[in-house]
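Welcome to a short tour of a protein model. Take a moment to turn the structure around before reading on.

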Amino acid sequence: MFKTWKIYMLSLISFLVGTSEYIIAGILDKISASLDISLVAAGQLITVFSLVYGLGTPFLIAWTARWERRKLLIYSLGLFVVANLLAFILPGFAAFVGARVLMALGAGVVVVTALTVAAKIAPSGKQASAIATVIMGFTASLIVGVPLGRLVAASYDWKTIFAGIGALGLLAMFILSVTIPKTEGDAPVPLREQMALLKQPRILLALSVSFFWLGGYSIAYTYISPYLLTITGMNEKMLSAALLAFGIASLAGSKFGGYSADKWGVYRTLMSGMTLHVITLLLLALAAHSPVVVFAVLILWSLAAWSSGPTQQYNLVTMAPESSGIMLSLNSSVMQLSMAAGAGIGGIIVGSISLNAVTWIGAAGVAAAIVINFVSFKLFAAERHKPEREHPVRLNA
């Protein structure tokens with residue numbers, strides 16, 4: 001029971017990191033107005049965070065591989081806390097960008113280390129469940145963190161959110177220092193060995209699916225708050241409710257994706273989920289001026305989009321079960337880079353075309369993922385069944 005409590009503490013850390021990453025999309029208009037910058041410039045705060053997270057984490061994890069895990073977790077969480085406090089204290093856009101860079105560097109190491117520690121302190125046979133619990137913290141940040149952050153930003157200065165995250169992170173550092181046991185590091189896995197998997201065409205195509213699926217999602221989601229306020233005409237109260245419903249639907253979609261992959265297979269789950277993903281993004285544009293319809297479509301969008309997450313994890317693990325950790329790490333980096341690209345492309349679209357166009361271009365990105373997935377499964381149909389039979393894996397969360 002005590003070990004379970006410790007794992008939930010690690011899940012709380014994951015929640016704080018997820019909130020700090022996703023909250024920008026929920027308060028983009030507030031940041032734009034407060035810092036006197038355009039929506040496009042504000043959107044690049046997501047690009048910066050995801051780019052630094054995706055590129056920096058593999059190098060930092062390789063560099064700190066032999067560090068004792070509790071010390072690494074507390075140190076990286078300390079960097080994350082300092083970055084959040086700097087985001088609260090320092091004035092101006094440039095300073096906030098710098099704080100986001102530090103935040104991303106700390107966040108990447110925190111998440112990977114928390115997952116490692118959870119697996120090591122979990123009771124025998126409960127490692128997968130422990131990892132899933134920590135990952136659930138990220139999902140909870142969409143359900144609770146983003147809409148709660150929007151409510152805070154509506155009543156107080158939006159920077160108060162980062163002060164709150166920093167304060168909770170500081171408390172978590174103290175609790176972890178007295179509850180988490182010392183855990184030795186691992187032998188480092190050279191980056192060359194990690195990158196070697198990218199030479200396999202099947203894996204490269206699968207990672208491309210992750211990139212275009214989440215990239216298309218990010219193009220639209222980055223600008224969801226100003227889109228709903230400006231294009232759809234939602235008021236502040238309805239926007240907070242919409243963000244909450246979106247987060248709850250993401251959890252349901254993730255659960256359904258894992259169930260569907262087990263029951264109907266990876267290919268059908270990915271193709272049906274991404275097809276509905278495209279349809280909902282198009283419907284958002286077509287029904288943009290009806291807040292009630294858009295509210296319902298948002299729920300469908302979140303269900304469809306997040307059903308692909310656990311399915312892709314399952315898909316990648318079965319491709320190289322002997323290197324499952326590396327595969328999931330690569331997928332995590334690709335997903336962060338795709339979010340950076342999506343936010344960047346979304347900014348270009350808003351600046352050069354219109355805010356209304358983000359849903360159309362986002363749909364095109366997900367459609368590209370559908371095409372790549374179709375080609376990949378047709379080219380490697382014979383191989384696809386072999387690892388699933390020999391190395392059954394279940395990822396329901």
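Leaving aside its neighbours within four places in sequence, which residues is His277 in contact with? The answer is Trp213, Tyr217, Trp301, Ala304, Ala305 and Val366. His277 itself is found in helix 12, which covers residues 266-286. Its relative accessible area is 0%, and because buried means under 20%, His277 counts as buried.

**The whole protein**

What you are looking at is a predicted model. The protein has 16 helices and 0 strands. Of its 397 residues, 54% are buried. Among the contacts with a separation of 6 or more, 86% are between residues 24 or more positions apart. The accessible surface comes to about 16,200 Å², and carbon and sulfur atoms account for 70% of that surface.

**Helix 13 and two of its partners**

Let us return to the surroundings of His277. Two of its contacts, Trp213 and Tyr217, also take part in the contact that helix 9 makes with helix 13. On the helix 13 side, Trp301 and Ala305 belong to that contact too.

Helix 9 spans residues 201-221 and helix 13 spans residues 291-319. How are these two helices arranged relative to each other? They pack at an angle of about 160 degrees, and they are therefore roughly antiparallel, as angles over 145 degrees count as such. The crossing of helix 9 past helix 13 is left-handed. From helix 9, the contact includes Arg202, Ile203, Ala206 and Leu207, and from helix 13 it includes Ser308, Gly309, Gln312 and Asn315. Sorted by type, the residues of this contact are 13 nonpolar, 5 polar and 1 charged.

Helix 10, residues 224-232, also packs against helix 13, at an angle of about 155 degrees. This pair is therefore roughly antiparallel as well. Here the crossing is right-handed. Ile224, Leu228 and Thr232 are the helix 10 residues in the contact, and they meet Pro291, Val294, Leu298 and Trp301 of helix 13. By type, the contact holds 6 nonpolar residues, 1 polar residue and no charged ones. Trp301 is worth finding on screen: it is listed in the contact with helix 10, in the contact with helix 9, and among the contacts of His277.

Leading into helix 13 is the loop from helix 12, and Ser290 lies in that loop. Ser290 has a relative accessible area of 28%, so it is partly exposed. Along the chain, Ser290 and Ile231 are 59 residues apart, while 9.5 Å separates their C-alpha atoms.

**Helix 3 and helix 5**

Another helix pair can be found earlier in the chain. Helix 3 and helix 5, the latter covering residues 93-121, pack at an angle of about 40 degrees. That angle makes helix 3 oblique to helix 5. The two cross in a right-handed way. Their contact is made up of 19 nonpolar residues, 3 polar ones and 1 charged one.

The table sets out the three helix pairs.

| Helix pair | Angle | Axis separation |
|---|---|---|
| Helix 9 and helix 13 | about 160 degrees | 11 Å |
| Helix 10 and helix 13 | about 155 degrees | 11 Å |
| Helix 3 and helix 5 | about 40 degrees | 8 Å |

**Residues in the loops**

Now for some stops between helices. Asp36 sits in the loop between helix 2, residues 28-35, and helix 3. What sets its backbone apart is a positive phi of about 60 degrees, although Asp36 is not a glycine. Is Asp36 buried or exposed? At 71% relative accessibility, it counts as exposed.

On the other side of helix 3, in the loop that links helix 3 (39-63) to helix 4 (69-89), is Trp67. Its relative accessibility is 29%, so Trp67 counts as partly exposed. Trp67 is 117 residues from Glu184 in sequence, and their C-alpha atoms are 7.0 Å apart in space.

Pro181 belongs to the loop between helix 7 (160-179) and helix 8 (191-196). With a relative accessible area of 34%, Pro181 is partly exposed. Which residue lies 111 positions from Pro181 in sequence and 6.9 Å away, C-alpha to C-alpha? That residue is Arg70. Beyond its neighbours within four places in sequence, Pro181 is in contact with Lys6, Glu68, Arg70 and Ile121.

Technical notes
Residues numbered from 1 in each chain as written. Predicted model: local features only at pLDDT ≥ 70, side-chain atom pairs only at ≥ 80, totals over all residues. Heavy atoms only, no water. Axes fitted to C-alpha atoms, helices over the stretch in contact; angles between N-to-C directions. Helix = DSSP H or I, 4+ residues; strand = E, 2+ residues; numbered from the N terminus. Parallel < 35°, antiparallel > 145°, perpendicular 65-115°, else oblique. Left-handed = near helix turned anticlockwise from the far one by under 90°. Contact = heavy atoms within 4.5 Å. Nonpolar A, V, L, I, M, F, W, Y, C, P; charged D, E, K, R; others polar. Buried < 20%, exposed > 50% of the residue type's maximum accessible area, 1.4 Å probe, protein only. Areas by Shrake-Rupley, 256 points an atom, 1.4 Å probe, with all protein chains shown as cover.
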